[in-house]
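User: I should like to work through the side-chain contacts and surface features of this model. Please reason through each point before giving the answer.

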Amino acid sequence: MDARLKSLVTLLVLGGLLVLATVWGWSALTEPFPEKADPPICVDRDFEQGDTVARRDVTVSVWNASNRNGLAGLTMDLLTDVGFSRGQEGNAPDGAEVKRVQVWTGLPKKHPAVRLVARKLGKKVKVVDRTPDVAGVLVVVGNAFDDLAKGGPRKVQADESVVICGPPAVS
């Protein structure tokens with residue numbers, strides 16, 4: 001093979017590699033960044049009969065059923081200040097009639113998470129059998145809500161095996 005043909009083949013091969021590298025580089029450059037997945041607000045954890053369930057193990061969400069702006073956020077701050085895990089905040093659906101405060105959940109009243117939340121809201125808190133699409137136990141506050149109750153247990157024992165939606169484990 002003469003030198004001119006050898007040079008031409010070499011240039012063609014190098015030119016082809018340059019085109020391939022350019023195409024690959026352009027596709028990598030214009031590809032969107034991978035989406036950052038937000039960690040879950042709460043994850044289901046199993047507690048066996050006799051296990052201790054503390055406030056920090058329970059995620060609480062709050063809906064505002066009053067005409068007071070920011071009441072859900074204020075209530076959430078009060079609940080997290082006493083040890084509950086932060087869930088979601090928002091407005092209650094139209095037509096929700098809550099005078100002071102209620103707990104809406106599909107869990108039984110004797111469930112440890114419900115007991116902890118309800119007792120911190122007061123001894124006469126109504127627990128309503130509803131299963132809203134929110135993280136954890138839902139607290140719905142109305143116009144007459146002003147503060148959490150004094151005291152209330154910081155932890156309770158599970159009377160039976162239960163599942164509680166609580167904060168993801170910190171690693």
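User: Which residues form a nonpolar patch on the surface, and with about how much accessible area together?

Analyst: The model is predicted. One of the patch members, L5, has its place in helix α1 (residues 3–30). With a relative accessible area of 40%, L5 lies between the 20% and 50% limits and is therefore partly exposed. The patch consists of L5, L8, V9, L12, V13, L14, L17 and L20, and together these have about 770 Å² of accessible area.

User: How many aromatic pairs does a search of the whole structure find, and is the geometry stacked or edge-to-face?

Analyst: The search of the whole structure yields 1 aromatic pair. Its partners are W63 and W104, with 6.0 Å from centre to centre and 85 degrees between the planes. An angle over 60 degrees counts as edge-to-face, so the W63–W104 pair is edge-to-face.

User: Which parts of the chain does the pair of W63 and W104 link, and how many residues apart are they?

Analyst: W63 belongs to strand β3 (residues 59–64), whereas W104 belongs to strand β5 (residues 101–105). Both tryptophans are buried. The pair thus links distant parts of the chain, β3 and β5, with its members 41 residues apart.

User: Which residue lies over the face of W104, and at what distance from the ring centre?

Analyst: W104 is buried, as is W63. The face of W104 is covered by an arginine at 4.0 Å from the ring centre. That residue is R130, at 4.0 Å.

User: Why does the salt bridge of R45 and D57 tie together parts of the chain, and how many residues apart are they?

Analyst: The side chains of R45 and D57 meet at 3.4 Å, N to O. R45 lies in strand β1 (residues 43–47) and D57 in the loop between β2 (52–54) and β3, so the bridge ties together parts that are 12 residues apart in sequence.

User: Is D57 buried or exposed?

Analyst: Its salt-bridge partner R45 has 33% relative accessibility and counts as partly exposed. D57 has 9% relative accessibility, which is under the 20% limit, so D57 counts as buried.

User: Where do R115 and D159 lie, and how many residues apart are they in sequence?

Analyst: These side chains meet in a salt bridge of 3.2 Å, N to O. R115 lies in helix α3 (residues 112–121) and D159 in the loop between β8 (155–157) and β9 (162–166), so the pair ties together parts that are 44 residues apart in sequence.

User: Which residues do salt bridges that share partners join into one network?

Analyst: The search of the whole structure finds 4 salt bridges. In one of them, the side chains of R86 and D77 meet at 3.0 Å, N to O. R86 is partly exposed at 38%, and D77 is partly exposed at 37%. Salt bridges with shared partners join into one network the residues D77, R86 and E89.

User: What covers the buried residues of α2?

Analyst: Helix α2 (residues 71–81) has buried residues at L71, A72, G73, T75, M76 and L79. Their cover includes β3, β4 (85–91), α3 and β7 (137–141).

User: Leaving aside its neighbours within four places in sequence, which residues is V82 in contact with?

Analyst: V82 is found in the loop between α2 and β4, and counts as partly exposed at 22% relative accessibility. V82 and R154 are 72 residues apart in sequence, yet 8.6 Å apart in space, C-alpha to C-alpha. Leaving aside neighbours within four places in sequence, V82 is in contact with R55, K120, L148 and R154.

Notes. Residues are numbered from 1 along each chain as its sequence is written. This is a predicted model: local features need pLDDT of at least 70, side-chain atom pairs count only at pLDDT 80 or more; totals for chains, interfaces and linings use all residues. Side-chain values use heavy atoms; hydrogens and water are left out. Rings of Phe, Tyr and Trp (its six-membered ring) pair if their centres lie within 6.5 Å; planes under 30 degrees apart count as stacked, over 60 as edge-to-face and the rest as tilted. Helices (H or I, at least four residues) and strands (E, at least two) are DSSP runs, numbered from the N terminus. Buried means under 20% relative accessible area, exposed over 50%, partly exposed in between (1.4 Å probe, protein chains only). A charge sits over a ring if NZ of Lys or CZ of Arg is within 6 Å of the ring centre and within 35 degrees of the ring normal. Patches are made of residues with over 30% relative accessible area and no salt bridge: like charges are joined within 9 Å, nonpolar side chains (Val, Leu, Ile, Met, Phe, Trp, Tyr) within 5 Å. Accessible areas come from the Shrake-Rupley method with a 1.4 Å probe; for residues, only the protein chains shown count as cover. Contact means heavy atoms within 4.5 Å.
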